[in-house]
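Please open the model in your viewer with the sequence panel visible. The stops below proceed one selection at a time.

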Amino acid sequence: MALRTLVSKRTLATGLGFRQQLRGLQTFSLPDLPYDYGALDPPISGDIMQLHHQKHHQTYITNYNKALEQLDDAISKGDAPTVAKLHSAIKFNGGGHINHSIFWKNLTPVREGGGEPPKGSLGWAIDTNFGSLDALVKRMSAEGAALQGSGWVWLGVDKELKRLVVETTANQDPLVSKGANLVPLLGIDVWEHAYYLQLKKGFIVRVDELLYMNVLKSLLPPVIFHDIDVLESHFYEYKNVRPDYLKNIWKVINWKYANDVYEKEYP
């Protein structure tokens, strides 16, 4: 049985990025970002974005494609135990690809409207369902910070109940795992790889580099490092403090994209 009979056309929609391979098997490729890696500074540094996109997202895609190819082979051989065994790998890595493909679109540089309050029907729906945008932001930030382990916090729309919902999902589970009627409008990655390496200097600092800087500071006049300290203050430092990351990511949230998705569901 070919993979195309197992996966809906909507799953393979443009934006997730896929390429054609042998036997009609459709596998996925890393989608381009709609902005430069450094465009979200200072809330998210360019180095974090590059690592997150090129390493973490690419790893999910690589493992997803591998699992899909193994699934296609197992189905063609009628190997039911292997088909069942591959379920968790497909869910985890496929979810990682789907979630990150949404996440990149949920962000945009400040100069291109990042952080601007939602307009149109979504803004009205937020006020109706949560009281205000500020109340929604506080709720999503609190639920994201409280999520044990790794996962995502979502703003979605329930197509059956016709209302907005806030949900969290563990690991790389997509929002649809909470209900087939849920459509993601905004997803925030609260895995530590989204923020834990970000330091004030705006780039990843290795331990030996930190030691080297400390040695230099002990040898050179303090005035030389005064300007460096001032420069560092213009960047955000999260390390592994999730609430700080959740506080600042709203400055680059692309509410226009979320509103466009919402209006497609409710034109």
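Helices (H or I, at least four residues) and strands (E, at least two) are DSSP runs, numbered from the N terminus. This is a predicted model, in which local features need pLDDT of at least 70 and side-chain atom pairs count only at pLDDT 80 or more, while totals for chains, interfaces and linings use all residues. Residues are numbered from 1 along each chain as its sequence is written, and side-chain values use heavy atoms, with hydrogens and water left out.

**Stop 1: Ala67**

Select Ala67, which is placed in helix α1. Is Ala67 buried or exposed? Its relative accessibility is 3%, so Ala67 counts as buried; buried means under 20% relative accessible area, exposed over 50%, and partly exposed in between (1.4 Å probe, protein chains only). Ala67 touches Leu86, Ala89 and Ile90, leaving aside residues up to four places away in sequence; contact here means heavy atoms within 4.5 Å. Next, display the C-alpha atoms of Ala67 and Val83: they are separated by 9.7 Å, and the two residues lie 16 residues apart along the chain.

**Stop 2: helices α1 and α3**

Select residues 46-77 for helix α1 and residues 87-105 for helix α3; their axes come within 8 Å and cross at roughly 140°. Axes are lines fitted to C-alpha atoms, for helices over the stretch in contact, and angles run from 0 to 180 degrees between N-to-C directions. Helices α1 and α3 are therefore oblique to each other; angles under 35 degrees count as roughly parallel, over 145 as roughly antiparallel, 65 to 115 as roughly perpendicular and the rest as oblique. To inspect the contact, show side chains from α1, including His53, His57, Tyr60, Tyr64 and Leu71, and from α3, including Ile90, Phe92, His97 and Trp104.

**Stop 3: the sheet**

Now select the strands β4, β3 and β5, which form an open sheet of 3 strands in the order β4-β3-β5, with antiparallel pairing. Two strands pair if DSSP finds at least two bridges between them. The edge strands, each pairing on one side only, are β4 (163-170) and β5 (182-189). From one strand to the next, the twist averages 25°.

How many bridges join β3 to β5? Strand β3 (residues 151-158) is joined to β5 by 7 bridges, and the two run antiparallel. Two residue pairs are useful for orientation: Gly156 stands opposite Pro184 in β5, and Trp154 stands opposite Gly187 in β5. Of the 8 residues of β5, 7 are buried, so this strand is largely enclosed by the rest of the structure.

**Stop 4: helices on the sheet**

Add residues 133-146, helix α5, which packs on the sheet and touches β3, β4 and β5; its direction makes about 140° with that of β3. Then add residues 255-265, helix α9, which lies across β3, β4 and β5 and runs at about 165° to β5.

**Stop 5: the nonpolar cores**

Which residues have the most contacts inside the largest nonpolar core? That core has 46 residues, and the ones in question are Leu155, Leu164 and Trp255. A nonpolar core is a set of buried Ala, Val, Leu, Ile, Met, Phe, Trp, Tyr and Cys residues joined through side-chain atoms within 4.5 Å. Centre the view on Trp255: beyond residues up to four places away in sequence, its contacts include Pro117, Ile126, Leu136, Leu155, Leu186 and Trp250. A second, separate core of 8 residues includes Tyr64, Ala67, Leu71 and Ile90.

**Stop 6: backbone details**

Most residues other than glycine have a negative phi, and most peptide bonds are trans. Select Asp41 and Pro42: the peptide bond from the former to the latter is cis, with omega near 5°. Pro42 is in the loop between β2 (26-28) and α1.

Move to Lys162, in the loop between β3 and β4. Lys162 is not a glycine, yet has a positive phi of about 55°; its relative accessibility is 63%, so Lys162 counts as exposed. Asn171, in the loop between β4 and β5, also has a positive phi, near 55°. At 38% relative accessibility, Asn171 counts as partly exposed.

**Last stop: the whole chain**

Zoom out to the protein chain, whose secondary structure comes to 9 helices and 5 strands. Of its 267 residues, 45% count as buried.
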